[in-house]
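Reader: Pick one strand of this model and give me a close look at its surroundings. Keep it brisk, and state the cut-offs as you go.

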Amino acid sequence: MRGRTPTSAPATAGEIFRLVRDGTAATRTEIGRETGLSRTAVAARVDRLLADGLVTEVVGAAATGGRPAARLEFNAAGGTVLALSVGVSRSKAAVCDLTGAVLAEAVVDLPASVGPHRLLGDAVTTLEKLLLDAGADDAGIRGLGLSVPGTVDDRNGWSVGVPSLPGWERIALPPLLTERFAVPVRVDNDVNVMALAEHAAHPDVDDLLMVKIGSGVGAGLVSGGFLQRGAWGAAGEIGHIPVHDGPGIGCGCGNIDCLEVLASGRALVRDLSAGRPDGEVTSIADVVALVKQGDPDAVRLVRIAGRRLGEVLAAAVNLVNPALVAIGGDLVGAFDPLVAGVREAIYRRSMATATQNLRIEPGLLSGRSGVIGCAILVLDEVLSATAVDRAVSAPAGRAG
């Protein structure tokens, strides 16, 4: 039976906002039908949402020539969220609307090795400039999403001892941002937020494996439509799974021949620069450029990296049976030889039933999945029914 029963607790403004946002109800009459609230109660709650800017009311022409029907719509321009995707070699900052669409973005060209205080300090300055570029102000900011590589303790908002982030371990990150932006801050792993973004870009796919291959290697899993973080936030750490045919290279995690030290962009820079003039190959961009030029060594090494990545992913394909493996990160520019190696290993090692309709594709978001995912991460919190109720009942406007 649709709608609430008479014994249900009255629908709050936040619950009504959810009905409007997901398209379940678009008029006051429909809201009343869904919730069982009186016209007066619906009007009071809708008025609070209108005052806070979360919804707008659009009056359209009546089909029968009677009184025009007023439709409620989610207002994507009713505020902004800030997004900061931290990477090992550089980071990206953005200002997004309430759907996660990017309004303004910029690169923070500092390595994570400078430490969280300096990097996030520069990021705050960048975000301030982006707010000006987007024509937005502090009053409209509803939250900030932050991602960092490796395992994250989202309860405390810090990195949990990731070798690629020296100096970041157990540093509470939200306070470094709320000193300037007094809004809710959510922190998660970099590939987890990319998985959120790719899931939003593939609304027909509820089982998705997002793989990032850049300076490091990691994965994010959406299963049954929900992001899976694992018991302690360490789900997706595929970069620290040893592969079988390595030459014995030590990894910062303590293991030997981890996928990350053999197949990441950083590993390819190391291997491809050997025997070449100094300075010819110093970055992942150099590796990608050589692949695009058809350099045989570059193509061969990237395909081997793909084969090693596929060896690890084959087990994941058998275990969780995704419909889509999306590949992102800086090395995606060398997609053809990379994915050739990935497919070779997956189709050789995985069950036929798990691969019969499997799609292995580059991510759809062209380098924006990190910041869009950060926006989605915090939007899921600040646009929840509970957060909306808190915001619309705050005496001075929006709740911090």
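Author: Two strands pair if DSSP finds at least two bridges between them. Strands (E, at least two residues) and helices (H or I, at least four) are DSSP runs, numbered from the N terminus. This is a predicted model: local features need pLDDT of at least 70, side-chain atom pairs count only at pLDDT 80 or more, and totals for chains, interfaces and linings use all residues. Residues are numbered from 1 along each chain as its sequence is written, and side-chain values use heavy atoms, with hydrogens and water left out.

The strand is S6, residues 141–148. Eight of its eight residues are buried (under 20% relative accessible area, with exposed over 50% and partly exposed in between; 1.4 Å probe, protein chains only). S6 is therefore largely enclosed by the rest of the structure.

Now its partners. Strand S3 (residues 80–85) pairs with S6 in the parallel sense, over six bridges. Leu 84 has Leu 146 of S6 as its bridge partner. Strand S9 (residues 185–189) also runs parallel to S6, joined to it by five bridges. There, Leu 144 is matched with Val 185 of S9.

Step back to the sheet. It is open, has five strands in the order S5-S4-S3-S6-S9, and its pairing is mixed. Strand S5 (102–108) and S9 are the edge strands, each pairing on one side only. Neighbouring strands here are turned by 15° against each other on average, direction ignored. Axes are lines fitted to C-alpha atoms, for helices over the stretch in contact; angles run from 0 to 180 degrees between N-to-C directions.

S3 has an antiparallel pairing too. Five bridges link S3 to strand S4 (residues 91–96). Leu 82 meets Val 95 of S4 across one of these bridges. Helix H13 (residues 369–382) lies across S3, S4, S5, S6 and S9 (contact means heavy atoms within 4.5 Å). H13 runs at about 135° to S3.

For comparison, take another sheet. This open sheet has five strands in the order S12-S11-S10-S13-S14, with mixed pairing. Strand S12 (226–228) and strand S14 (359–362) stand at the edges; each has a single partner strand, so one side of each is left without a neighbour in the sheet. The average turn between neighbouring strands of this sheet is 25°, direction ignored. Strand S10 (residues 208–213) and strand S11 (residues 217–223) run antiparallel, joined by six bridges. Leu 208 has Val 222 of S11 as its bridge partner. Helix H6 (residues 190–201) crosses S10, S11, S12 and strand S13 (324–328), at about 130° to S10. Helix H11 (residues 335–349) packs on the sheet as well, touching S10, S13 and S14, and its direction makes about 160° with that of S14.

Last, the rings. A search of the whole structure finds one aromatic pair (Phe, Tyr or six-membered Trp ring centres within 6.5 Å; planes under 30 degrees apart are stacked, over 60 edge-to-face, the rest tilted). The rings are those of Phe 17 and Phe 74: their centres are 5.7 Å apart and their planes stand at 70°, so the pair is edge-to-face. This pair links distant parts of the chain, 57 residues apart: Phe 17 sits in helix H1 (residues 13–21), Phe 74 in strand S2 (residues 69–74). Phe 17 is buried, at 0% relative accessible area. Phe 74 is partly exposed, at 21%. Arg 21 lies over the face of Phe 74, 5.7 Å from the ring centre (NZ of Lys or CZ of Arg within 6 Å of the centre and within 35 degrees of the ring normal).
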